[in-house]
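Here are my notes on the model you sent over, set out as numbered points. I have kept each one short so that you can follow along on screen.

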Number of protein chains: 4
Amino acid sequence: MKTRDFKSIVSKYEVVFFDAYGVLKNYNGLIPGIEGTIRHLMENGIDFYVLTNDASRSPKDLAASYQTLGIKEITEHKIISSGMLAREYLRFKVKKGTVTYLGTSKSAHYIETLGLNILSIRQLDLDNLDDINAIVLLDDEGFDWKRDVNKVINLLRKKNIPVIVANTDFAYPVTDEEVAIAIGGISDMVEMIVGKRFIKFGKPDSQMFMFAYERILEARNVSKDKILMVGDTLKTDILGGNKFGIDTVLVLSGNTLPDQANFLIRSTGIIPNFICEDAVIRRKGP
Amino acid sequence: MKTRDFKSIVSKYEVVFFDAYGVLKNYNGLIPGIEGTIRHLMENGIDFYVLTNDASRSPKDLAASYQTLGIKEITEHKIISSGMLAREYLRFKVKKGTVTYLGTSKSAHYIETLGLNILSIRQLDLDNLDDINAIVLLDDEGFDWKRDVNKVINLLRKKNIPVIVANTDFAYPVTDEEVAIAIGGISDMVEMIVGKRFIKFGKPDSQMFMFAYERILEARNVSKDKILMVGDTLKTDILGGNKFGIDTVLVLSGNTLPDQANFLIRSTGIIPNFICEDAVIRRKGP
Amino acid sequence: MKTRDFKSIVSKYEVVFFDAYGVLKNYNGLIPGIEGTIRHLMENGIDFYVLTNDASRSPKDLAASYQTLGIKEITEHKIISSGMLAREYLRFKVKKGTVTYLGTSKSAHYIETLGLNILSIRQLDLDNLDDINAIVLLDDEGFDWKRDVNKVINLLRKKNIPVIVANTDFAYPVTDEEVAIAIGGISDMVEMIVGKRFIKFGKPDSQMFMFAYERILEARNVSKDKILMVGDTLKTDILGGNKFGIDTVLVLSGNTLPDQANFLIRSTGIIPNFICEDAVIRRKGP
Amino acid sequence: MKTRDFKSIVSKYEVVFFDAYGVLKNYNGLIPGIEGTIRHLMENGIDFYVLTNDASRSPKDLAASYQTLGIKEITEHKIISSGMLAREYLRFKVKKGTVTYLGTSKSAHYIETLGLNILSIRQLDLDNLDDINAIVLLDDEGFDWKRDVNKVINLLRKKNIPVIVANTDFAYPVTDEEVAIAIGGISDMVEMIVGKRFIKFGKPDSQMFMFAYERILEARNVSKDKILMVGDTLKTDILGGNKFGIDTVLVLSGNTLPDQANFLIRSTGIIPNFICEDAVIRRKGP
């Protein structure tokens, strides 16, 4: 497989959408050298955003995690998370009452300040559901899996309310070798058991890309031709970018291993415009 | 089940999205009285669009079918079809070469004038695929199912190209009692057999709603709060409208039978804001 | 919907297969009057077996639960559980090494005495997998869901071993109103996340019926024509019985509510030979 | 990947189950040298059967195709086809009336002589369904796909009858490079569109293996330990054999290409006991 140099590709675009995990950072911190990429984009007037299937923390907290690591250019404004779409849904579709959630209190940020009452599933009383108008699945932490996932099942048997899933990923890496089940995986199990259709936000769904595009358009006009999606996962980043109509780069610094890339592209039919080893741009010598 | 009066609901919105089949028309022509609805909207300054999972004919032809039946207010500009999204995809993602298609020559309208060569699957030579850069599934007519669907399978085994599906519906009504398999049904069979991921356009996918919303925004600013989706099918119209963040009306004049509506809402968890017998607004007596 | 009298149906068969939950017992104990049914069968020389998707307890313990409630005719020999099939699999396909499991120590009964080492997933060391040759999913209790299901995921990423699922049910009733997720539900989530194919035992799979049939044939020759499956669930009991080629009775004393039965039969296409309110046979008055 | 010598493996078993296509023959005729394997088995007292997902021709016709090619040891008695299971189903579950079918008149062999009327879907009158009690999907030929598959859809909307699928394969090879959609692929499309559950026969389902096992047991007693399944496809032959509890050999002379075998075994978790280049046993030199 022939990979391309990321720097030569990126220079043809006005805006870059980055996936977070496997592109900008990994379990160990920043992808070494990635700060050079951000600097290169800034110096060349190329705008960028981080599109992440993450509802565990607020955009502000997500941005802070980059700033702490030394990339202060990744501000809250640069972060587009799937949690933000769940929040949008509630804003337009759930105007009153109480929303219950599965996740940490940090993740509950996404559903605060909407004028709705919020209630952790832990505190939900299954015999008192009159005021409960929606449930949001935010994060895989902050609750007891056995007790509280069963509680979700029974809530949905007793009351027909919308279920909003704020992260469609099945799993996420926790070390070099190990992964953990994400709320998207739990969500699919619950959906299958109760037999209902949930409202799910996150790549590859177009709504994520649209939300980012709208943010760009607030400031200036950019054609989709001039936007590049950079991701490490065919089924989310590349499929979603392709469908939205923008060019896509698969990088091999995350989920997709170099020796599997061609096979996976061929077997899934999800075809990136370009393949790069990583999204790192190194400054030339002194 | 208590249904609501459509007229009292619609007056609170600035824009209405109508599904076509089962809402405005059926196998027999217009839903009787539906012209009163269009007139009512026009008189009250409520804008409207028709969102249809249809790539069998151009927006112009689709509009003409209403005009012939006496509703001249449904112009080409009012039609948003899933075929238009397939066309958008090709415009941004397939810049050269030949696109082959499954469908009638009428449906091929959607892929003409993009500067690409187009070729019916009937004429495709499986031994000469160098120039073939995409395949679009447009309509269930215009080809020999056995010969040409097998040809699609073998095309995709020989060359890894994007497959664009311009209509996600599985079936469509042809008489009061009978349906026919739509290209979306054929497409899912092919996808399963080749094991690849196709690019699919049509409700409930958000891209359809976004495309319509963008058309509105070209003329004026409207909040999603002020848009109403009217449809007869929970899994496409209502699920899609809900997810996009707009209010939804389920009408019982099409796919969803009155005695099944409550059961289906409860068992699928797809909850419309309102249920109406139909979308007809009758003018009051003299 | 017209239901039939169970007694008049059962008299035409030589053997009856009963589902356990919803037919013989429920969350509250025995279905009232069901002991009359067992007595009637014994008196009329009709043999019977209990076919249950259950691997939480040994056949002996399962039988004891009926005996305690007063039906001493349900002996260990009458019980065919999905756990027994998992055990058969290991007997033939895993001849040495260690088998790890998800479940209680009671459920581990099914994998003991096979000459294999057994190890609860709780005690598994992910850095020392050399001797681990299979994993069996037995019960939804006996482990920490978050920690140990994640451990299963990572085990399967590190070592390619068969996964045996000893109960395919997604959920089971715990009170009149509430259910709990069964190991079959957890299993499907794990299967989806790791993308592998598991070996699953339980109705509607034919192997369960075959196992029961073989037990009959050890004692005497019975044609499939003379066996009746009695169950409360279309997708397991009735589908499985039909496919195996035996007659089926749907009873309305469990999962399938009387007002939904006809709709469900029509919409799933799973058609029982008979429908009865329950499987109770009451002795005529004095 | 290290492959093993088939001859050294097979000598430890008393019975061998062969998949047909990709193991004994391919689009071009017999796999070269395979007649040596059959001869070796005969000479060493190893019994064998051919287990094939095929309902296009009778066991007699299937056997004749080997005999014509020079292997006269493959008699009708040696053939176990999925069509035979469909026939068994009808024998036990459909006792009267008319069965309609999709397939050639050759494939209709499987449903003849059961005392039922049979009717090609071509001749079915959708306005006269009173006597129709089942439909069997037999073969991808013998009907007009567009007209007659639509007819099946509408039949199932009008009358709730069991649908029996006599071959679960999605596709079959027609030349070195090309495949054709099998009736199993069409069947899955129809099942999805009508939303019903069909009764499907064929590997990997256990019923196929059980049927073959019962045929052996008619003649003599053989433990499952002493049976070997030989196949070229992980998801049918190997998964089915494993689940049934017998040892399995993956051969690389058909569907599974040598350079993909390890990757596929790892990614599907379907693990054969052995891998061999082919099932050919060559006679040693003079």
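1. Let us begin in a loop. B:Thr113 sits between strand E6 (98-102) and strand E7 (117-120) of chain B. Please keep in mind throughout that this is a predicted model. B:Thr113 is not a glycine, yet its phi is positive, at about 60°. Its relative accessibility is 69%, and B:Thr113 counts as exposed because the cut-off for that class is over 50%.

2. Chain A has a matching entry. A:Thr113 lies in the loop that runs between strand E6 (98-102) and strand E7 (117-120) of chain A, and here too a residue that is not a glycine has a positive phi of about 60°. With 70% relative accessibility, A:Thr113 is classed as exposed. As background for a check of the backbone, most residues other than glycine have a negative phi, and most peptide bonds are trans.

3. That brings me to the cis peptide bonds. One joins B:Lys203 and B:Pro204, with omega at about 10°. B:Pro204 belongs to the loop between strand E12 (199-200) and helix H7 (206-219) of chain B. In chain C, a cis peptide bond links C:Lys203 and C:Pro204, again with omega of about 10°, and C:Pro204 is located in the loop between E12 and H7 of that chain.

4. Now for the pairing of chains C and D. A rotation of 180° with 0.0 Å of shift along its axis lays chain C on chain D, with an RMSD of 0.0 Å. The two copies are therefore related as by a two-fold rotation axis. Within chain C, C:Ser206 has the C-alpha nearest that axis, at 3.3 Å.

5. How many residues does each chain bring to the contact? Chain C gives 39 residues and chain D gives 39 residues. The copies meet through the same surface, because 100% of the interface residues of chain C are also interface residues in chain D.

6. Chains C and D bury about 3100 Å² between them, and 50% of this is on carbon and sulfur atoms. Of the area that chain C buries against chain D, 23% comes from C:Lys93, C:Arg197 and C:Lys243, more than from any other three residues.

7. C:Lys243 deserves a second look: it makes a salt bridge with D:Asp205, whose closest N and O atoms are 2.6 Å apart. Across this interface there are 4 salt bridges, and 22 residue pairs are in polar contact. Several elements of chain C supply at least two residues each to the side that touches chain D, including helix H4 (82-93), helix H7 (206-219) and helix H9 (261-268). The largest share, 5 residues, comes from H8(C). By class, this side of chain C holds 14 nonpolar, 12 polar and 13 charged residues.

8. Is D:Thr236 buried or exposed? D:Thr236 is part of helix H8 (residues 234-244) of chain D, and it is buried, because its relative accessible area of 15% falls under the 20% limit. Beyond its neighbours within four places in sequence, D:Thr236 is in contact with D:Asn53, D:Asp169, D:Lys203, D:Pro204 and D:Gly241.

9. Last, A:Ser223, in the loop between helix H7 (206-219) and strand E13 (227-231) of chain A. A:Ser223 is partly exposed, at 33% relative accessibility. Apart from neighbours within four places in sequence, its contacts are A:Tyr213 and B:Phe92.

Note on methods
Residues are numbered from 1 along each chain as its sequence is written. Chains are lettered from A and ligands numbered from 1 in the order in which they are written. This is a predicted model: local features need pLDDT of at least 70, side-chain atom pairs count only at pLDDT 80 or more; totals for chains, interfaces and linings use all residues. Side-chain values use heavy atoms; hydrogens and water are left out. Contact means heavy atoms within 4.5 Å. Buried area is the accessible area (1.4 Å probe) that two parts lose on being put together, summed over both. A salt bridge is a side-chain nitrogen of Lys or Arg within 4 Å of a carboxyl oxygen of Asp or Glu. A polar contact is a pair of N or O atoms within 3.5 Å; within protein, one must be able to donate a hydrogen and the other to accept it, and residues adjacent in sequence count only if both atoms are side-chain atoms. Helices (H or I, at least four residues) and strands (E, at least two) are DSSP runs, numbered from the N terminus. Ala, Val, Leu, Ile, Met, Phe, Trp, Tyr, Cys and Pro count as nonpolar, Asp, Glu, Lys and Arg as charged, and the others, Gly among them, as polar. Buried means under 20% relative accessible area, exposed over 50%, partly exposed in between (1.4 Å probe, protein chains only). Copies are superposed by least squares on the C-alpha atoms of residues with pLDDT of at least 70 in both.
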